[in-house]
Amino acid sequence: QSGATVANYILVTAILKDNKGNVAGVKVQDTQTGEAWEIKAKAIVNATGPFTDGIRHLDNPDVQNICVPAAGVHVVLPDHFSPNRMGLIVPKTTDGRVLFYLPWENGTLAGTTDSESDITMLPSPTKEEIQFILNESNRYLNATVTEDDIRSAWSGIRPLVKDPRHTNTAQISREHVLEVSDSKMVTIAGGKWTTYRRMAQDAIDKVQELFPDLSQKKCSTRFMQLVGADRIGEVCNQKFDRI
């Protein structure tokens, strides 16, 4: 809709640079066919989530890591564990985290955990993380929750920005960081779902500042509606009726 070309399963293998040492494109490889080629570009934005440091090392092998991947696990329980039209939040669990229960898709969504994770394309929840959610649930719910109640569970990786003062991932910043390398590669890292539009605007503003010959049209994310927003009344009413 906005003119982007999206390419799945394409791996960046190298950063191309001009005779001044500035970014000029990337070398890529199709991970399904093995075909490799170069893509020339006037600017490069590294917005790769937990894979941020891998791209930064392609640009400069000596750069220090700035991201700590942290796993967050959620489980889905039967709907009788959550009151109709009501959620529950535990602001401080036994280890200082936040836990929530929300009615979701005819069930109860419970989570989340926060622990260091390996970087992988297919993160999966561990028994320890699932058991933590069950144990904490049983401290606050009248009905006992067991493994037999779990309908599904999944894990995601948060690309947290490292703070050298903290080693516990629960204490690492959820704010985003904008970095410009010596070769003028722009990296946007950290952040969260609720701030992704601010991240997009900050990244575009920085690219325009660094490369004035590019389009200086202001970032449009502030005025861009999400897919389905034109049916907001219809969708929300149906959703609320189900809840």
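Begin by selecting Ile89, which stands opposite Phe100 in strand 7. Strands here are DSSP runs of E with at least two residues, and helices are runs of H or I with at least four, numbered from the N terminus. The model is predicted, so local features need pLDDT of at least 70 and side-chain atom pairs count only at pLDDT 80 or more, while totals for chains, interfaces and linings use all residues. Residues are numbered from 1 along each chain as its sequence is written, and side-chain values use heavy atoms, with hydrogens and water left out.

**Strands 6 to 8**

Extend the selection to residues 88–90 and 99–104: these are strand 6 and strand 7, which run antiparallel and are joined by 3 bridges. Two strands are taken to pair if DSSP finds at least two bridges between them. Next add residues 107–111, strand 8, which pairs with strand 7 in the antiparallel sense over 5 bridges. Within this pairing, Tyr101 stands opposite Ala110 of strand 8. Then select Glu105, in the hairpin of strand 7 and strand 8; the hairpin has 2 residues between the strands, and Glu105 takes a positive phi near 50°.

**The two domains**

Colour the protein chain by domain: domain 1 comprises 10–66 + 162–223, and domain 2 comprises 68–159. These bounds come from an automatic or database domain assignment. The C-alpha centres of domain 1 and domain 2 lie 31 Å apart.

**The second largest pocket**

A pocket is an open set of points on a 1 Å grid over the protein atoms alone, where a 1.4 Å probe fits, with protein on both sides within 12 Å along at least five of seven lines; its lining residues have an atom within 4 Å of a point. The second largest pocket has a volume of about 1,200 Å³, volume being the space filled by probe spheres set on the points, which are joined across faces, edges and corners. Select Arg158, Pro159, Gly191, Lys192 and Trp193, the closest to its centre of the 36 residues that line the second largest pocket. Where does the second largest pocket lie relative to domain 1 and domain 2? Both domains give residues to its lining, so the second largest pocket lies between them. Strand 10 gives the most to this lining, with 7 residues.

**The open sheet**

Move to strand 1, strand 2 and strand 3, which form an open sheet in the order 1-2-3 with antiparallel pairing. Strand 1 and strand 3 stand at the edges with a single partner strand each, so one side of each has no neighbour in the sheet. The twist averages 25° from one strand to the next. Strand 1 and strand 2 are joined by 7 bridges, and Ile15 stands opposite Val26 in strand 2. Now add residues 52–59: this is helix 1, which packs on the sheet, touching strand 1 and strand 2, and whose direction makes about 30° with that of strand 1. Contact means heavy atoms within 4.5 Å; axes are lines fitted to C-alpha atoms, for helices over the stretch in contact, with angles from 0 to 180 degrees between N-to-C directions.

**The largest pocket**

Finish with Ala4, Thr5, Val6, Val45 and Ala47, which lie nearest the centre of the largest pocket among its 43 lining residues. The largest pocket has a volume of about 2,000 Å³. Helix 3 gives the most to its lining, with 6 residues.
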